[in-house]
Amino acid sequence: MDQLKDQGKEQSAQGKKVLVEVEDLYKIYKVGDERVRALDGVSFDIYEGEFIAIVGTSGSGKSTLLNMLAGLEPPTKGMIKLGSKRMDRMKEKQLVRMRRKHMGFIFQSYNLIGTMDAKENVAMPLMFRGVGAKERDKRAKEILKLMGLGKHMKHLPSQMSGGQQQRVGIARALVTNPKIIFADEPTGNLDSGTTKEILTILRDTVNKKNNTLVMVTHDRNLAQVADRVIHIKDGKIRKIEINANKKEIIEDEDY
Amino acid sequence: MKFSDILKLSIENLRRRKWRTVLTVLGVTIGTISVVLMLSLGFGLKETLNAELNAGGGINDITVSYNGSDEDMYLSDSRVEEFMDLEQITKASPKLSVAMKVTTGKWGTTTWIEGVSQEELEAIPLGQGTCPKEGEEFQIIAGNMIVLDFYDTNTFEYPYWDYNEIPPVDMMNDKIYCSMMNVESYDGVNPDSLYSKRKQLKIAGVVEGGPETYNAYCYSAYVEIETLKSYLEKEYRGKTIPEQPTDRNGNPYKEWIYPSVKLTVSDTALVEDTVTYFREMGYQVSSQQEWIEENNKVFDIVQLVLGGIGAVSLLVAAIGITNTITMSTYERRKEIGVMKVLGCDIENIGAMFVSEAGYIGFLGGAVGVVLSYLLSKVVNIVGASFMTEAIGVAGNLSMIPLWLPFVAVGFTILVGVVAGYFPARKATRISALAAIRND
Ligand SMILES: Nc1ncnc2c1ncn2[C@@H]1O[C@H](COP(=O)(O)OP(=O)(O)OP(=O)(O)O)[C@@H](O)[C@H]1O
Ligand SMILES: [Mg+2]
C-alpha cells in the first residue's frame with residue numbers, strides 16, 4: 001500500500017500540483033451485525049488538470065470512494081483534503097458550499113429536473129450561486145451550443161435521447177467551470193456509439209479547459225481514456241495505471 | 001441563491017401540482033372566510049349598537065340615583081342646584097315618575113308616566129300628533145307599545161298576551177281617561193278605590209312605530225316635568241304624592257325629591273372622573289360611556305368565541321398545508337438530492353418549501369378575503385330583518401374593518417409558513433445520496 005502511495009507521490013515530483021489528497025480512507029457499513037468494508041484503507045493523490053478513472057467490478061467500492069471525494073458521505077476514518085481544506089472534518093453545510101464553489105457532478109441516470117428545459121437545467125448551479133437570470137441564460141446557452149445542443153435549449157428531458165440528456169448533464173457540470181468534476185458511470189445507460197461521443201467530450205474538456213475529472217466505470221476499456229486509472233477491488237487499491245500516451249489496451253490482470 | 005429565484009421555483013412547483021394546490025388553497029380559503037366572517041359579525045354588532053347608542057346623544061350624560069337608604073342623600077331640588085354649581089356639570093334634569101291607570105271604554109291598563117325636561121320631550125320621535133309646548137296644560141306623549149297592555153276591565157283578559165290580538169284602542173282618537181294612585185283612599189277591598197277619580201287625559205302624540213316595534217320610549221308615557229309636578233300638586237293637595245318620601249312623622253318634605261337626576265358633563269374626558277366623584281358621595285351612578293364599554297366588553301368576548309370557532313377551520317387548513325408540503329417533499333426526494341449535490345444551500349431548500357406553504361396561505365387568504373366581502377354583503381341583506389326584530393336596531397350585522405383584510409392575509413401567510421416549517425426542515429435533512437440511489 002505504501003508503495004502504491006509512493007507511486008502517486010512520485011508524479012508530484014514531476015511538477016504537477018496536488019488537488020486532492022486521500023490518506024488511509026475507510027468506509028465501513030454496518031448491516032445488521034455484519035460489517036461491510038466498502039473502503040478498506042485507500043490512499044492516493046489527484047493532480048490538477050488530470051483525468052482519473054476508477055475501475056473495478058460491481059461492489060468493489062468505486063461509488064463509495066467517489067461519493068466520499070465529493071463530500072456526499074462522511075468517511076468512517078481517514079483524510080480527504082481538497083486544496084488545503086479537510087473535507088472529512090466538514091459539516092454538511094460546508095460540504096454543500098465546497099461543491100457549489102469547486103465541484104461539478106455528472107450522474108449515471110442524468111438526473112435532470114423533469115419540469116425544467118435543457119437551458120434551465122444547465123443554469124441551475126448558477127442559480128444556486130446567486131447569478132442573475134440574464135447572465136445565467138447567456139452562459140447556459142453558450143455551453144449548450146458547445147455541446148451541440150443549440151437546437152434543444154427549450155426541450156424538456158423527456159423530449160431528448162439519453163445521449164442528449166447526458167450532454168445536458170455534462171453542460172450542467174461544466175457551466176460553473178469547476179475545479180473538479182465527478183462522474184459516476186456517466187455512460188452506464190448509453191449505447192457504445194453514444195458512449196464514445198460522451199467520453200470524447202469529457203476528454204476534450206479536460207484537455208482544453210484543464211479541469212480535473214474523476215470518472216467511475218466498471219469497464220476497463222473505457223477507463224483507458226483517462227490519464228491514470230485506479231484499479232480497486234474489495235475496497236482496496238490494487239493498481240494505479242499511468243496512461244502516458246493513452247493508447248494502450250489493458251493487459252490481462254491477475255485479479 | 002436569490003430570494004426571487006426561490007419564490008419562482010416554489011410557484012413553479014405549485015403549478016406543477018395544480019389540483020393539489022387548488023384543494024389546499026381551498027381549505028385555507030374556507031378557513032379565512034370563517035374567521036373573517038365570524039369576526040365581522042362581532043365588529044358589525046358592536047359598531048351598530050355603538051352607533052345607535054351614540055345617535056341618542058348622551059355620551060356626556062350620567063344618571064345619578066338615590067341609593068335608597070340614607071335620607072341625607074335625597075335628590076331634592078336644592079341638592080340638584082348644588083350639583084349645578086359643580087364646574088363640569090352643564091345641565092341637570094331630574095327624573096320623576098308616577099304610575100297611572102289609563103282607561104277607555106271597557107279597556108284599561110296601568111302605565112308609568114315620566115317627567116322629563118322639555119328638551120328631552122322634544123327629542124322623542126313621534127308617529128302621530130305633536131309635542132306639547134312649554135307651559136301648556138297637562139297632556140302626554142304615549143309610548144307606541146302601551147296599547148298592547150290593555151285588558152278587558154270586566155274579564156281581566158289581555159287580548160294581546162292571552163290571544164295575540166292587538167287591543168282595539170286608538171290612543172290618539174279614543175276618549176282616554178286617567179286616574180292617579182291614591183294610597184289614602186284605599187279601602188283595602190276594592191282595587192279601584194286605590195285610584196283617585198278618573199279624569200279625561202289629553203294625548204298630545206304617540207311615539208313613532210307600530211304597537212310591536214320596540215324602541216327606547218315605547219312602554220311609558222312622557223310629560224314635561226314641571227307640568228307633571230304642578231299636576232300632581234293639584235291632584236294631591238294636602239296628601240302624600242305617591243313615590244315621594246315622608247319624614248319620620250309621616251309628613252311629606254317641602255321640596256320635591258327625585259329618584260334620579262340626569263347630569264350633563266361638559267367634556268367627555270371628564271365623565272369617568274365625575275362618575276367616580278358621585279359614586280364616592282354614595283350615589284348610584286350609571287353612564288352611557290360605561291354602558292358602551294360594558295357592552296363592548298361583552299361583544300369582545302362574543303367576537304373572541306366566534307373567531308375561535310372560525311379558527312378551527314383555519315387550523316384544519318393549516319394541517320392540510322403541512323400534509324401537502326410533506327407529500328411534496330417525499331415526491332421530490334431525488335430532486336432535493338440532486339440540488340444538494342449541485343451545491344444548493346440547505347437553507348435555500350428549506351426556504352423553497354416554506355415559501356410554497358406561505359404562497360398557499362397567501363392565495364387562500366386573498367381569495368378568502370374577497371369572498372368574505374361578498375358573503376358579508378349577503379349576511380347583511382339576510383340579517384337585516386334579524387337586526388330589527390331580534391335586536392331592535394337597524395344596521396349591519398356584519399362589518400369588515402379596513403385593516404382586517406390585510407391582517408387576515410398576513411395571518412394566513414404566517415399560518416402557511418408555520419405549517420410548512422416542519423416538513424421543510426425535514427426536507428433539508430434528505431441526504432444528497434438520494435440523488436444517486438435508484439429507488
Ligand atoms: N448504504 C450502504 N449500506 C450498506 N452497505 C453499502 C451501502 N452502500 C454501499 N454498500 C456496500 O459497499 C460496497 C461497495 O459499494 P459501491 O456502491 O461503492 O460499489 P460499486 O463499486 O459502485 O459497485 P457498482 O459498480 O455495482 O455500482 C458494496 O458491498 C455495497 O453492498
Ligand atoms: Mg457504483
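Here is a chat about the folds of chains A and B in a predicted model.

User: What does the secondary structure of chain A come to?

Analyst: In this predicted model, chain A has eight helices and 10 strands. Of the 255 residues in chain A, 55% are buried. If you take the contacts in chain A between residues at least 6 apart in sequence, 68% of them join residues at least 24 apart.

User: How are the strands of the open sheet with mixed pairing ordered in chain A?

Analyst: That open sheet of chain A has six strands, and reading across it the order is S6-S7-S8-S3-S9-S10, with mixed pairing. S6 and S10 of chain A are at the edges with a single partner strand each, so one side of each is left without a neighbour in the sheet. From one strand to the next, the twist averages 15 degrees.

User: Do S6 and S7 run parallel or antiparallel there, and over how many bridges?

Analyst: S6(A) pairs with strand S7 (residues 180-184) of chain A in the parallel sense, over four bridges. To find one place where they meet, look at A:Gly104, whose bridge partner in S7(A) is A:Ile181. H6(A) lies across S6 and S7 of chain A, and its direction is at about 170 degrees to S6(A).

User: And the sheet with four strands, what's its order?

Analyst: The four strands of that open sheet in chain A come in the order S2-S1-S4-S5, and their pairing is antiparallel. Strand S2 (34-47) and strand S5 (85-86) of chain A are at the edges, and each has a single partner strand, so one side of each is left without a neighbour in the sheet. Helix H2 (residues 62-69) of chain A packs on this sheet, where it touches S1, S2 and strand S4 (77-82) of chain A, and its direction makes about 60 degrees with that of S2(A).

User: How many bridges join S1 to S2 in chain A?

Analyst: Strand S1 (residues 18-31) of chain A and S2(A) run antiparallel and are joined by 11 bridges. In one of these pairings, A:Val22 has A:Phe44 in S2(A) as its bridge partner.

User: Switching to loops: where is A:Tyr110, and is it buried or exposed?

Analyst: A:Tyr110 lies in the chain A loop between strand S6 (103-106) and helix H4 (118-128). A:Tyr110 is buried, because its relative accessible area is 9% and the cut-off for buried is under 20%. Its backbone is worth a look as well, since A:Tyr110 is not a glycine and yet has a positive phi of about 60 degrees.

User: What about A:Asp234, buried or exposed?

Analyst: A:Asp234 is exposed, with a relative accessible area of 51%. A:Asp234 sits in the loop between strand S9 (228-233) and strand S10 (236-242) of chain A, and its phi is also positive, near 50 degrees, in a residue other than glycine.

User: Which residues does A:Pro157 touch?

Analyst: Leaving aside residues up to four places away in sequence, A:Pro157 touches A:Leu112, A:Ile113, A:Gly114, A:Met116, A:Asn121 and A:Gln165. A:Pro157 and A:Asn121 are 36 residues apart in sequence, while their C-alpha atoms are 9.1 Å apart in space. A:Pro157 belongs to the loop between helix H5 (133-146) and helix H6 (162-174) of chain A, and it counts as buried at 7% relative accessibility.

User: Now chain B, how is it divided?

Analyst: Chain B is divided into domain 1 (3-54 + 295-437) and domain 2 (61-266). The centres of these two domains of chain B, taken over C-alpha atoms, are separated by 57 Å.

User: Is strand S13 of chain B mostly covered or uncovered?

Analyst: Strand S13 (residues 260-265) of chain B is mostly covered, with six of its six residues buried. On one side of S13(B) the buried residues are B:Ser260, B:Lys262 and B:Thr264, and on the other side they are B:Val261, B:Leu263 and B:Val265.

User: Which strands pair with it?

Analyst: Strand S1 (residues 61-65) of chain B pairs with S13(B) in the antiparallel sense over five bridges, and B:Val64 stands opposite B:Val261. Strand S3 (residues 89-104) of chain B also runs antiparallel to S13(B), joined by six bridges, with B:Ser93 opposite B:Lys262.

User: At what angle do H8 and H11 of chain B cross?

Analyst: The axes of helix H8 (residues 288-331) and helix H11 (residues 404-428) of chain B cross at roughly 35 degrees and come within 8 Å, and the crossing is right-handed. By class, this contact of H8(B) with H11(B) has 10 nonpolar, six polar and one charged residues.

Key: Residues numbered from 1 in each chain as written. Chains lettered and ligands numbered in written order. Predicted model: local features only at pLDDT ≥ 70, side-chain atom pairs only at ≥ 80, totals over all residues. Heavy atoms only, no water. Buried < 20%, exposed > 50% of the residue type's maximum accessible area, 1.4 Å probe, protein only. Helix = DSSP H or I, 4+ residues; strand = E, 2+ residues; numbered from the N terminus. Pairing = 2+ DSSP bridges. Axes fitted to C-alpha atoms, helices over the stretch in contact; angles between N-to-C directions. Left-handed = near helix turned anticlockwise from the far one by under 90°. Nonpolar A, V, L, I, M, F, W, Y, C, P; charged D, E, K, R; others polar. Contact = heavy atoms within 4.5 Å. Domains from an automatic or database assignment.
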